[in-house]
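Work through the following exercises with the sequence and the model open beside you. Try each task before you read its solution.

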Amino acid sequence: MLSARRHRLLRLLDNCEPAVSCIDANRRVMRHALLQRVADRPVIATDRKLCDYLWFTMAHQPVETVRCLFLGPTHRLIRDELLSTGTSTEALIAPREVIHRALELGATGLILAHNHPSGYPTPSEADVAITTALARAATPLGITLHDHVILGSHGYASFRNQGLI
């Protein structure tokens with residue numbers, strides 16, 4: 001229920017607008033509460049609190065979405081931004097735009113996250129290639145790509161944990 005689209009909820013709940021509005025409000029409150037658990041301390045990509053937030057935010061999306069968590073020098077969250085929304089099988093990650101935004105925000109670290117609508121978070125060759133390109137572009141500018149997390153309904157995969165970064 002918490003990941004269903006509004007039109008699907010309306011259909012499931014016999015067009016009961018107040019019930020759907022209540023579910024929408026609960027989703028916003030839950031997302032905010034999960035983000036606050038991350039925002040008040042240094043962010044570590046494999047921290048369960050961060051994974052809970054990302055999983056709630058992205059895992060059940062019907063299309064691929066890409067988010068970037070921009071971190072400051074003490075690894076505290078500066079900003080969490082949606083970078084791209086794609087199709088059921090791909091989303092654009094433009095290293096140039098990610099680096100540009102990191103420089104605008106004064107970020108020194110990044111955690112990239114995207115979902116796989118298939119539910120399986122196994123990194124593809126394209127995922128590995130774009131992550132490598134982003135890390136190479138960021139490093140000379142003093143920006144560290146700490147991790148790339150892929151989320152799906154069946155769990156998540158960390159590039160750092162898999163030795164891909």
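The exercises below go from the whole chain to its helices, its cores, a hairpin and a pocket.

The structure is a predicted model, in which local features need pLDDT of at least 70 and side-chain atom pairs count only at pLDDT 80 or more, while totals for chains, interfaces and linings use all residues. Residues are numbered from 1 along each chain as its sequence is written, and side-chain values use heavy atoms, with hydrogens and water left out.

**Exercise 1.** Describe the order of helices and strands in the chain, and state what share of the residues is buried.

Solution. Begin with the elements, where helices (H or I, at least four residues) and strands (E, at least two) are DSSP runs numbered from the N terminus. The chain has five helices and five strands, and along the sequence they follow the pattern α-α-α-β-β-α-β-α-β-β. Next take burial, where buried means under 20% relative accessible area, exposed over 50% and partly exposed in between, with a 1.4 Å probe and protein chains only. Of the 165 residues, 40% count as buried.

**Exercise 2.** Find the buried residues of α3 and of α4, and work out how they are placed around each helix axis.

Solution. Start with α3, residues 48-58, in which L50, C51, Y53, L54, T57 and M58 are buried. These residues lie on the same side of α3, because they cover an arc of only 160° around the axis; the arc is that of the directions from the helix axis to the C-beta atoms. Then turn to α4, whose buried residues are P95, V98, I99, A102 and L105. Their arc is only 130°, which puts them on the same side of α4. The buried residues of α4 pack against β1, β2 (77-85), β3 and α5. Just after α4, G106 takes a positive phi of about 75°.

**Exercise 3.** Identify which elements supply the largest nonpolar core, and then trace the contacts of L110.

Solution. A nonpolar core is a set of buried Ala, Val, Leu, Ile, Met, Phe, Trp, Tyr and Cys residues joined through side-chain atoms within 4.5 Å. The largest one has 16 residues, of which C68, F70, A102, L110, L112, L134 and I143 touch the most other members. Two or more residues come from each of β1 (65-71), α4 (95-105), β3 (109-115) and α5 (125-138), and α4 gives the largest share, four residues. For L110, set aside neighbours within four places in sequence; L110 is then in contact (heavy atoms within 4.5 Å) with C68, L69, F70, V98, A102, I143, T144, L145, H146 and D147. Another core lies apart from the largest one and has 12 residues, among them Y53, L69, I111 and V149.

**Exercise 4.** Explain how β4 and β5 are arranged, and decide whether V149 is buried or exposed.

Solution. Two strands pair if DSSP finds at least two bridges between them. Strand β4 (residues 144-152) and strand β5 (residues 155-158) pair in the antiparallel sense over four bridges, and they form a hairpin with two residues between them. One bridge joins G152 to its partner G155 in β5. V149 lies in β4 and counts as buried, because its relative accessibility is 1%. V149 and H114 are 35 residues apart in sequence, yet 6.5 Å apart in space, C-alpha to C-alpha.

**Exercise 5.** Which residues line the second largest pocket?

Solution. A pocket is an open set of points on a 1 Å grid over the protein atoms alone, where a 1.4 Å probe fits, with protein on both sides within 12 Å along at least five of seven lines; lining residues have an atom within 4 Å of a point. The lining consists of E64, V66, T89, E90, A91, I93, H114, H116, S124, A126, D127 and I130. Its largest share, three residues, comes from α5.
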